[in-house]
Amino acid sequence: MAMIKFPYQLEGEVRFESYPQVLKRINSFSNVRNIGKDESGQYDMKVIEMGNAIKPTLLVIASMHPPEWAGTQYSLSFFEMLRDRTFPDKQFRDKLLRKFHLVYIPIVNPYGYNRLPSPLSRTKGRYNVNGIDLNRDFEHFTQAETKNVKSVMDEFRPFAFLDIHLFGVEMEGTNKKNLIIGNGQSSTNILRKTIADAWRVGSDNEAVTEWPGTSTLGKGLARTYMRDLSNPYTNTTLSYITEMIRPTDTNPDNPLSYKQMYQYGILSIYLFFKSSMDYFYRRRQ
């Protein structure tokens, strides 16, 4: 598969916004709806839909762990550029919205997001009202948040899924690299490598750790459930996680600037969509 290139410079950076500020941006989309209350019963969980509703679906989620708020920031910016016709790759934007259905959950854990004590919080705000790590609950679905996300997954049966995360320097499995991509199954390792290679080149040669998809991928992960959910479009459901290093209160000196996090984050979503679209058309030929 040929290298995917993104020959554009983006202006902007991730910046922390309070939950009400982010909610205002979410509600500014024309096709946004509630998918249910969170476990606390205090917050409506929101989903945004764009593109062609009768076409194959791609699903993106963010802020399952709210200290990783930068994922919501750059993904919201990405979808706002699609909405506002300001995305620099016009041909990509038009084809994506004409030929595919985009489903986006900007904040999976609104309770935790609204309780972040600071933008640099390492763990406070990570869990829901019951102290549950939601990315371990996609097997038994004991929490309202995961049930609501599952309802979206089951309703639309996307052929491609992206779960956006960030990590602090304390996390194991990073290989001391600033970017990570993981996939769901070994049969899509070549697609994961395609994204990783393009992400590296497009991020000024930032090294990328690749988490290989295996049959023993942990139960309870969102990408495991999505990987195993069939779809009506392709034999294999693409399922990815991206991670990017972030500053924390214990390690505030981040290797990446907020501008770099914005650029590399938007690039990762572009690569997810572009490679998934290419995969879809190859499988349909």
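This note sets out points on one helix pair and three individual residues in a predicted model.

1. Helix pair α1 and α2. Helix α1 covers residues 19–27 and helix α2 covers residues 70–84; their axes lie 11 Å apart and make an angle of about 25 degrees. Angles under 35 degrees count as roughly parallel, and α1 and α2 are therefore described as roughly parallel to each other. The crossing of the two helices is left-handed. On the α1 side the contact is formed by Val 22, Arg 25 and Ile 26, and on the α2 side by Thr 72, Gln 73, Leu 76, Ser 77 and Glu 80. By character, the residues of this contact comprise three nonpolar, three polar and two charged.

2. Helix α2 itself. The 15 residues of α2 should span 21 Å at 1.5 Å a residue, and the C-alpha atoms at its ends are 21 Å apart, so the expected and modelled values agree. Of these 15 residues, 13 are buried, so α2 is largely enclosed by the rest of the structure. Arg 85 follows α2 and has a positive phi, near 60 degrees.

3. Pro 106. This residue is located in the loop between β4 (101–105) and α4 (110–113). Pro 106 has a relative accessibility of 1% and counts as buried, because buried means under 20%. Leaving aside neighbours within four places in sequence, Pro 106 is in contact with Ile 26, Lys 46, Ile 48, Ala 62, Ser 63 and Thr 72. Two of these partners also appear in the helix contact of point 1: Ile 26 on α1 and Thr 72 on α2. From Thr 236, Pro 106 is separated by 130 residues in sequence and by 25 Å in space, C-alpha to C-alpha.

4. Phe 161. Strand β5 (residues 160–164) contains Phe 161. The relative accessible area of Phe 161 is 0%, and the residue is buried. Beyond its neighbours within four places in sequence, Phe 161 is in contact with Leu 59, Ile 61, Met 153, Ala 222, Arg 223, Met 226, Leu 238, Ser 239, Tyr 240 and Phe 272. Between Phe 161 and Ile 26 there are 20 Å in space, C-alpha to C-alpha, and the two are 135 residues apart in sequence.

5. Thr 146. Helix α5 (residues 144–156) holds Thr 146. With a relative accessibility of 0%, Thr 146 counts as buried. Once neighbours within four places in sequence are set aside, its contacts are Leu 134, Asp 137, Phe 138 and Phe 141.

How values were computed: Residues are numbered from 1 along each chain as its sequence is written. This is a predicted model: local features need pLDDT of at least 70, side-chain atom pairs count only at pLDDT 80 or more; totals for chains, interfaces and linings use all residues. Side-chain values use heavy atoms; hydrogens and water are left out. Axes are lines fitted to C-alpha atoms, for helices over the stretch in contact, and angles run from 0 to 180 degrees between N-to-C directions. Helices (H or I, at least four residues) and strands (E, at least two) are DSSP runs, numbered from the N terminus. Angles under 35 degrees count as roughly parallel, over 145 as roughly antiparallel, 65 to 115 as roughly perpendicular and the rest as oblique. A crossing is left-handed if the near helix is turned anticlockwise from the far one by less than a right angle, and right-handed if clockwise. Contact means heavy atoms within 4.5 Å. Ala, Val, Leu, Ile, Met, Phe, Trp, Tyr, Cys and Pro count as nonpolar, Asp, Glu, Lys and Arg as charged, and the others, Gly among them, as polar. The expected span of a helix is 1.5 Å times one less than its number of residues. Buried means under 20% relative accessible area, exposed over 50%, partly exposed in between (1.4 Å probe, protein chains only).
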